[in-house]
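Below are some notes for a colleague who has not seen this structure before. Please read them with the model open.

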Amino acid sequence: SSKLIDDQHKYFLLKARGDSMNKAGINDGDVVLVKQQPAANNGEIVVALIDDEATLKELNLSKGVIVLKPVSKNKEHKPIIVSRDFKIQGVVKAVIPEFNK
C-alpha cells in the first residue's frame, strides 16, 4: 500500500491563491500538500521561491531553460522564465479543496 506521507521526508501545507493552476485542479483557497525537496522533475507541480515570494507552477525544463508554467483557463497568466534567483521548495503531492462555507 502506498502512503501519502512517508517518514523520511518533510512536508508542509500551502494555501493556493489565484487561478493560475486551475486546469491542474488547484483552485483559489485550496490547500496543497508539498513534499519538501530542492529539485523536481520535468512536468511536476512545484512550489518555487522567486524573490522571496512563493509561486505554484508546473516545472518545464528544455535546452537549459527553466520555465515555471501556469496551467490555467485564464490566459492572463504567462510562463515565468527563471534564472538562478529561484529555489524549488518542494513538489505538490496532494490537493485539499477549500471547504465551502
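1. Lysine 23 sits in the loop between β1 and β2. The model is a predicted one, and this applies to every point below. Is lysine 23 buried or exposed? Its relative accessible area is 54%, and residues over 50% count as exposed, so lysine 23 is exposed.

2. Being exposed does not leave lysine 23 without contacts: setting aside residues up to four places away in sequence, lysine 23 touches Val71, Ser72 and Lys73. Phenylalanine 86 can serve as a distance marker. Between lysine 23 and phenylalanine 86 there are 24 Å in space, C-alpha to C-alpha, and a separation of 63 residues in sequence.

3. The strands on either side of that loop are paired with each other. Strand β1 covers residues 11–15 and strand β2 covers residues 31–36; the two run antiparallel and are joined by 5 bridges. One position to check is leucine 13, whose bridge partner in β2 is leucine 33.

4. β2 also pairs with strand β7, which spans residues 86–96. How many bridges are there between β2 and β7, and in which sense do they pair? There are 6 bridges, and the sense is antiparallel. Here valine 32 stands opposite valine 95 of β7.

5. The largest nonpolar core has 10 residues: Ala16, Met21, Ile26, Val32, Val34, Ile45, Val47, Leu56, Val71 and Val92. Two elements, β2 and β3 (45–50), each give two or more residues to this core. Apart from this core there is a second, separate one of 9 residues, including Ala40, Leu68, Val82 and Ile88.

6. Valine 34 is a member of the largest nonpolar core. Leaving out residues up to four places away in sequence, valine 34 touches Lys10, Tyr11, Phe12, Val47, Gly90, Val91 and Val92. Val47 and Val92, both in that list of contacts, are also listed in the core.

7. The largest pocket has a volume of about 170 Å³. Its lining consists of Leu14, Lys15, Ala16, Arg17, Gly18, Ser20, Met21, Ile26, Ala54, Thr55, Leu56 and Lys57. β1 and β4 (53–62) are the elements that give two or more residues to the lining, and β4 supplies the largest share with 4 residues.

8. What is the make-up of the lining of the largest pocket by class? There are 6 nonpolar, 3 polar and 3 charged residues. Ala16, Met21, Ile26 and Leu56 are among the lining residues and also belong to the largest nonpolar core.

Note on methods
Residues numbered from 1 in each chain as written. Predicted model: local features only at pLDDT ≥ 70, side-chain atom pairs only at ≥ 80, totals over all residues. Heavy atoms only, no water. Pairing = 2+ DSSP bridges. 1 Å grid on protein atoms, 1.4 Å probe; cavity = no way out; pocket = protein on both sides within 12 Å on 5 of 7 lines; lining within 4 Å. Points joined across faces, edges and corners; volume = space filled by probe spheres on them. Nonpolar A, V, L, I, M, F, W, Y, C, P; charged D, E, K, R; others polar. Core = buried A, V, L, I, M, F, W, Y, C linked by side-chain atoms within 4.5 Å. Buried < 20%, exposed > 50% of the residue type's maximum accessible area, 1.4 Å probe, protein only. Contact = heavy atoms within 4.5 Å.
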